[in-house]
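User: I should like to understand how the labels given to a structure follow from its computed values. Please take me through the reasoning step by step.

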Amino acid sequence: PVLQNGVPVSGLSAEAGTPRMFRIPVPAGTTRLLVRTQGGNGDADLYLRFGSFASTSSYHCASTTPQSVEQCLIRQPTAGEWFVLVDAWSTYTDLTLTAEWVIGGSLRVTVNGIPGAADVSVSGPQAYERALVETTLLSDLDPGTYTVTAGHVQLDGSVYVATPASQQVKVGPGEQVDAEVTYAVNTDGLNFDVLQVHLTQSVQ
């Protein structure tokens with residue numbers, strides 16, 4: 001049987017030693033694949049493998065607790081056919097199997113106005129953190145809200161100030177969104193420094 005995204009298959013049962021096989025068509029751009037079993041009685045173990053049938057000795061992920069609550073999480077899974085094995089370590093009944101996958105999006109952060117390395121950071125879902133020094137396309141991002149923060153940069157005797165200093169963008173499944181950070185020389189700061197030098201000289 002083929003598992004559908006987020007659709008539980010319930011009422012599963014099997015005698016001890018009986019394997020049950022399922023298939024998952026994982027699309028390109030998927031950032032996370034989660035397969036889990038829950039409920040039921042007895043002990044069902046879970047195995048997950050890409051490209052070929054899973055077995056108790058050949059798998060990419062195995063969950064074998066002494067009960068029927070199992071979970072396999074694959075980050076950045078390869079697109080294509082994944083195979084699930086639910087193996088009856090002991091007889092189980094009323095088991096529910098669910099596969100869920102998340103299709104990611106992308107965020108292009110464009111940096112303007114600075115001749116050297118910028119100071120930009122991006123944070124988001126699943127504890128995502130990334131530091132950037134130039135225009136960058138971030139791909140395979142989990143859907144959700146991302147915060148783009150830009151700090152001041154001192155370069156060749158000048159202070160470059162970023163606008164905006166902080167912004168939030170929402171990345172949806174399969175879509176690309178843009179954020180722009182523009183740097184400019186802090187002329188207010190330069191004028192203040194010149195004024196301070198002038199006042200110091202006058203006092204002397």
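User: Why is R23 called partly exposed?

Analyst: In this predicted model, R23 has a relative accessible area of 31%. Buried requires a value under 20% and exposed a value over 50%. The value for R23 falls in between, so the residue is called partly exposed.

User: What makes the contact of R23 and E81 a salt bridge?

Analyst: The N to O distance between the two side chains is 2.9 Å. The cut-off is a side-chain nitrogen of Lys or Arg within 4 Å of a carboxyl oxygen of Asp or Glu. The pair meets this condition and is therefore a salt bridge. R23 lies in strand 2 and E81 in strand 7, and the pair links distant parts of the chain, 58 residues apart. E81 also has 31% relative accessibility and counts as partly exposed.

User: How many salt bridges does the structure hold?

Analyst: The structure holds three. Another is formed by D142 and R32, with their closest N and O atoms 3.2 Å apart. D142 is in the loop between strand 12 and strand 13, whereas R32 is in strand 3, 110 residues apart. E100 and R36 also form a salt bridge, at 3.6 Å from N to O. Here E100 belongs to strand 8 and R36 to strand 3, with their positions 64 residues apart.

User: How do you know whether D142 is buried or exposed?

Analyst: The relative accessible area of D142 is 11%. Buried means under 20%, so D142 is buried. Its partner R32, at 22%, is partly exposed. E100 has a value of 30% and is likewise partly exposed.

User: Which strands stand at the edges of the open sheet of five strands, and why?

Analyst: The order of the strands is 12-9-17-15-14, with mixed pairing. Strand 12 (136–141) and strand 14 (153–155) each have a single partner strand, so one side of each is left without a neighbour in the sheet. These two strands therefore stand at the edges. Neighbouring strands of this sheet are turned by 25° against each other on average, direction ignored.

User: What makes strand 14 and strand 15 a pair?

Analyst: Two strands pair if there are at least two bridges between them. Strand 14 and strand 15 (residues 158–163) have three bridges, in the antiparallel sense, and so they satisfy the condition. As one example of a bridge, L155 has S158 in strand 15 as its partner.

Terms used. Residues are numbered from 1 along each chain as its sequence is written. This is a predicted model: local features need pLDDT of at least 70, side-chain atom pairs count only at pLDDT 80 or more; totals for chains, interfaces and linings use all residues. Side-chain values use heavy atoms; hydrogens and water are left out. Helices (H or I, at least four residues) and strands (E, at least two) are DSSP runs, numbered from the N terminus. Axes are lines fitted to C-alpha atoms, for helices over the stretch in contact, and angles run from 0 to 180 degrees between N-to-C directions. Buried means under 20% relative accessible area, exposed over 50%, partly exposed in between (1.4 Å probe, protein chains only).
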